[in-house]
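Q: Please take a close look at one part of this structure, a place where two helices pack together. Describe how they are arranged and which residues meet there.

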Amino acid sequence: MGTETEYGVLAPALPNANATVLSSQVVNAYAASVRAGLGNLSGTRWDYTDEAPLNDARGYTVPRTAADPTQLTDAPPVLDAEQIAMEGGGPSALYGEQEDNSVLMNMVLGNGARLYVDHAHPEYSSPETTNPHDAVLWDKAGDAVVLTAMRHIARTPGFAPVHLYKNNTDNKGVSYGAHENYLVPRSVPFTRLVAGLLPFFVSRQVICGSGRVGIGTSNQRQGYQLSQRADFFETEVGLETTIRRPIINTRDEPHAVAEKYRRLHVIIGDANLSEVSALLKMGTTSAVLSLIEDAAAPQIELRDPVGALQAISHDPTLTALVELKDGRSVSGLDLQEMYLEAAATHARREGGADAATEDILSRWTSVVGTLKRDPMAASAQVDWVAKLRLLQAYRDRDGLAWNDARLNLIDLQYSDMRPEKGLYYRLAARGQMERILTDEQIAAAVAEPPDDTRAYFRGRCITRFPAEVIGASWDSIIFELPSRRRLQRIPTREPLRGTRELTGELFDVSADAEDFVARLLTGPEPTVAP
């Protein structure tokens, strides 16, 4: 599993700045920061060879001529030096000198992650992890990465400061994503995934929504809601991610052995700053996927999933009822309890859960129980509650209506990535947000990949052989070696190979990249590809 976060980007001193240029500054600033002393990475390029964004899990491929341009993520974005100059991009101290007169728009990091420009936003895609705790840890590493980039831009002469926000809307009708990815067996029918996940995703926002001032895509009505994303979804199932957004996304791009796996691409989540909310988002979804795989998920059908998604989001009292096809009316908390009970029963039936699953079930039970008793009592765990508590304090003190512009500023400031400015970080510093990670763990995850997935192999290749690795992706590493006429493309299609256990010694004993690739290609058994 892993996450993808598109950060909101703003340069207050440049109100008309091109967002793509600002986003490219973030990528190049991080590359420059690393070159300046945070490691030996200079910016490994992304390998687009195996990208297939138009494959649909329902069994067909959308023609390129019929696809929205935003779906064509299998080609690199281009921003040349002339465009940078036109936007006041500044000196080469940030962008460096590229042979092809372009700027760096994509880089693979030493922790196995990807940092790039996506739809005019800087995006961090975390490395693959095997459990929810690690997924949150390497997601938080992304926040540290972009903070480093922001600070580098701020101290570079000729550049205006760029501020980043871990949120999902500019409150002017535009939404951007915080996606999740889960590896699931291809043997599980996609229709079963849809049936099991729809009611869960509709109701999951009660435990992991990040909260938003305003109702409607462009704040047509005043008020407060649980989710930043809910109002931007229009259909139940579909391939698109930026238009006609579906609750269940059908992109069939496994980045793995296609015959064995599919990648469930989840686009309906909010960007979380609360570590507990993020853990519950990933952990409960993993538990529900296990239920679906074992045909043990609750049999629930919503009469109107999109309407239910928005009705639940629009009611911070958590009392709104939505209709099931069998005629019952239930709340979002009721739906979560149904899934929680099924997950707990399934764990008992299987002879008990492992420690990670037990932790998720315990936290899930606790947060749902707290929300049932008094939603505001969950402010230390749940983003939307923490934000609502702050907003309500200002409303009570100053008599502010929900359409007061000052509340929108507080909403935005909650997600500010600068610890000295962001309201989430100020709450955490006061001990008012429960944490499951330490700053030291996050700092380590910025530099080091997970040990137990192929991300270890990717990250170690980049940090150990930066001059010879000229391209990388989720399922490949490309070496350019003086002794070989052709590029050496090492496939990494099996996500659970390339681990420290399988390849750590190989990195330790290899004298250089030539020796490493020779040992890798002539070893007694594959350590990376199946």
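A: The answer below goes through one helix pair and then turns briefly to a few single residues elsewhere. The model is a predicted one.

The pair consists of helix H9, residues 332–349, and helix H10, residues 355–373. Their axes are 11 Å apart and form an angle of about 155°. An angle over 145 degrees counts as roughly antiparallel, and H9 and H10 are therefore roughly antiparallel to each other. Their crossing is left-handed.

On the H9 side, the residues in contact are Leu-333, Gln-336, Glu-337, Tyr-339, Leu-340, Ala-343, Ala-344 and Ala-347. On the H10 side, they meet Leu-361, Trp-364, Thr-365, Val-368, Leu-371 and Lys-372. Sorted by class, this contact of H9 with H10 has 10 nonpolar, two polar and two charged residues.

Away from the helix pair, His-265 is found in strand E14, which covers residues 261–266. His-265 counts as buried because its relative accessibility is 3%. The side chain of His-265 makes a polar contact of 3.0 Å with the side chain of Asn-249. Other residues that His-265 touches include Glu-4, His-179 and Arg-251.

Two loop residues remain. Most residues other than glycine have a negative phi. Ala-120, in the loop between strands E6 and E7, has a positive phi of about 65°. Asn-171, in the loop between strands E8 and E9, has a positive phi of about 60°. Ala-120 is partly exposed, at 24% relative accessible area, whereas Asn-171 is buried, at 19%.

Notes: Residues numbered from 1 in each chain as written. Predicted model: local features only at pLDDT ≥ 70, side-chain atom pairs only at ≥ 80, totals over all residues. Heavy atoms only, no water. Helix = DSSP H or I, 4+ residues; strand = E, 2+ residues; numbered from the N terminus. Buried < 20%, exposed > 50% of the residue type's maximum accessible area, 1.4 Å probe, protein only. Polar contact = N/O pair within 3.5 Å; in protein donor to acceptor, adjacent residues only side chain to side chain. Contact = heavy atoms within 4.5 Å. Axes fitted to C-alpha atoms, helices over the stretch in contact; angles between N-to-C directions. Parallel < 35°, antiparallel > 145°, perpendicular 65-115°, else oblique. Left-handed = near helix turned anticlockwise from the far one by under 90°. Nonpolar A, V, L, I, M, F, W, Y, C, P; charged D, E, K, R; others polar. Lists of a residue's contacts leave out its neighbours within four places in sequence.
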